[in-house]
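Me: I am new to this structure and would like to find my way around it. Could you walk me through it, one question at a time?

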Amino acid sequence: MAVNLDFAGQRTAYASHGMHSFAARFPPQLARWGIERFSDLGERVLDPMVGSGTTLVESRLLGRHGLGVDIDPLARLIAGVKSTPIDPSGLAAGLSAFHARARLLFHDLRLAREHGIPFHDAFREVAIPDFPNRDYWFLPNVVEELALLRHLIDRVGDVTLRRFFYLAFSSTIITKSASSVANVRDLAHSRPHRVAPARPPDVFRAFETRLARLERSMAEFAASSDPRGSARVIGDDARALPLPDASVDLVFTSPPYVNAIDYPRAHKFSLFWLGHALGTSSEAYRDLGRRYIGTDRVPLALCRTLARRTSGLGALDRVLDRLADADPRRAGIARQYFDDMARVIAEAGRVLRPGRHAIVVVCPSTIAGVSVPTHELLAALGEMSGLLSHVETHSRVLDDAKRQLPIVRGRFGPGMRTEYVVVLRRT
Ligand SMILES: C[S@@+](CC[C@H](N)C(=O)[O-])C[C@H]1O[C@@H](n2cnc3c(N)ncnc32)[C@H](O)[C@@H]1O
């Protein structure tokens, strides 16, 4: 039976969904459809590439036990905070204590500036982080103000509240609009390019505005969460899931697209500031960038070797051979992508209980003029694993206004406007 999964014009920022920008999210209504149709109350729903946590939030709202995995440390923070309800009175008390301390400190900062006292003399205990091109991407005053805020947040005693503040902090930098306090625009969607702000940003004000919005979102989420459900981020690599065989009831996920969105490149703007809180450093994060599925950071020599390898799946090898003739480098990147996705699909099959479903939401693409039907190839990889059989595929039209996927032309082919919801079942 044909179902309409477009959800055109529907509100996607309800509950905690809109708390932080994130590229290529799927609409919460899509996760809701999958969870309601393919799982029951109290069952375990896994998203092995959980991104901003849409599946976890919906699992929590629907009384399921959501489990999330993502390689990106910022994604793990966002997914965790968004799917952990905070009691509104505790949150209000935490926020007002924070505001009181922040107001005092920012007052001192104004005085110090008026009297020409250098920041490090006025605030000896506040560390200013050092990272590549810091003063290119952030104005000097912004650096000082972010350092003050971070100093305050690091000292919030309650870990749930502290993580909530880190999320608010990150969302003043990574935004969809021109309102980032960094010298960049639309960090959530594009490759960062420098844009000098018309006026110096007021970091304290931007942060307070974000906090007020996030407080409302959290209140809506906490009020509508089903206490029979739960949500947890449990790991970092979809290719090696920290779960026993046959232990989950539904896998619902959307993988990255080949060579399309560079999460580390955009997220580093928050990671520079929050690395200490997320257990990473600028250098470690740069190295981690090569391990993301879909990355284009595959060394050229490896691309050449990969480009002429075979997978054992005729349809995939035919597409990738055509691509190798057109563009060996991209063929290597795509081969690496499908090798990785074969491992993810096999892992999904391993952890699913027999008879249960894995749903993969994915876009086809055109790379160097060669059409790559990713949805068909992933379904075929599922069959090839011997663990999953293909049940059905639905298509959905993307809502241009929401820009949930990058409409990248030229390099990546025509804009991605149709995506597919591939339903597989554990044999
Ligand atoms: C399209 S996004 C998922 C968006 C998510 N559905 C949402 O609504 O926010 C794909 C995610 O895959 C993650 N990813 C890439 N490589 C991964 C890996 N090896 N293991 C787990 N996650 C990975 C990326 O960090 C990114 O968050």
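**Helices, sheet and single residues**

Me: Glad to start with a pair of helices. Which hand does the crossing of α4 and α8 have?
Reply: Keep in mind that this is a predicted model. Helix α4 covers residues 88-114 and helix α8 covers residues 159-173. Their axes come within 11 Å and cross at roughly 65°. The hand of the crossing is right-handed.

Me: Which residues of α8 make the contact with α4?
Reply: From α4, the contact takes in Leu 91, Gly 94, Leu 95 and Phe 98. By class, the contact of these two helices has six nonpolar, one polar and no charged residues. On the α8 side, the residues are Leu 161, Phe 164 and Phe 165.

Me: Let's stay with α4 for a moment. Is Ala 102 buried or exposed?
Reply: Ala 102 lies in helix α4. Its contacts, leaving aside neighbours within four places in sequence, are Leu 152 and Phe 204. The relative accessible area of Ala 102 is 0%, and buried means under 20%, so Ala 102 is buried.

Me: How far apart in space are Ala 102 and Phe 204, C-alpha to C-alpha?
Reply: These two residues are in contact. In sequence they are 102 residues apart. In space, C-alpha to C-alpha, the distance is 8.2 Å.

Me: Now for the wider layout. How far apart do the C-alpha centres of domain 1 and domain 2 lie?
Reply: The protein chain is divided into two parts: domain 1 takes 28-75 + 227-259 + 294-426, and domain 2 takes 88-224. Between their C-alpha centres the distance is 34 Å.

Me: On to the sheet. Which strands stand at its edges?
Reply: The sheet is open, with seven strands in the order β3-β2-β1-β4-β5-β9-β8 and mixed pairing. An edge strand has a single partner strand, so one of its sides is left without a neighbour in the sheet. That description fits β3 (230-235) and β8 (388-397).

Me: What does the twist average from one strand to the next?
Reply: The strands in question are the seven of the open sheet. From each strand to the next, the twist averages 20°.

Me: Which residue of β9 is the bridge partner of Val 360?
Reply: Strand β5 spans residues 352-362 and β9 spans residues 418-426, and the two run antiparallel. Six bridges join them. In β9, the partner of Val 360 is Val 422.

Me: At about what angle does helix α1 run to β4?
Reply: Helix α1 (residues 28-38) lies across five strands of the sheet, β1, β4, β5, β8 and β9. Helix α2 (residues 54-61) lies across β1, β2, β3 and β4, running at about 150° to β3. For α1 and β4, the angle is about 160°.

Me: What about the backbone just after α15: which residue takes a positive phi there?
Reply: Helix α15 covers residues 374-384, and its buried residues include His 375, Leu 377 and Leu 381. Just after this helix, a phi of about 80° belongs to Gly 386.

Me: One last residue. Is Ala 246 buried or partly exposed?
Reply: Ala 246 sits in the loop between β3 and β4, and it has a positive phi of about 50° although it is not a glycine. Its relative accessible area is 32%, and buried means under 20% while exposed means over 50%, so Ala 246 is partly exposed.

Conventions: Residues numbered from 1 in each chain as written. Predicted model: local features only at pLDDT ≥ 70, side-chain atom pairs only at ≥ 80, totals over all residues. Heavy atoms only, no water. Pairing = 2+ DSSP bridges. Helix = DSSP H or I, 4+ residues; strand = E, 2+ residues; numbered from the N terminus. Axes fitted to C-alpha atoms, helices over the stretch in contact; angles between N-to-C directions. Contact = heavy atoms within 4.5 Å. Left-handed = near helix turned anticlockwise from the far one by under 90°. Nonpolar A, V, L, I, M, F, W, Y, C, P; charged D, E, K, R; others polar. Domains from an automatic or database assignment. Buried < 20%, exposed > 50% of the residue type's maximum accessible area, 1.4 Å probe, protein only.
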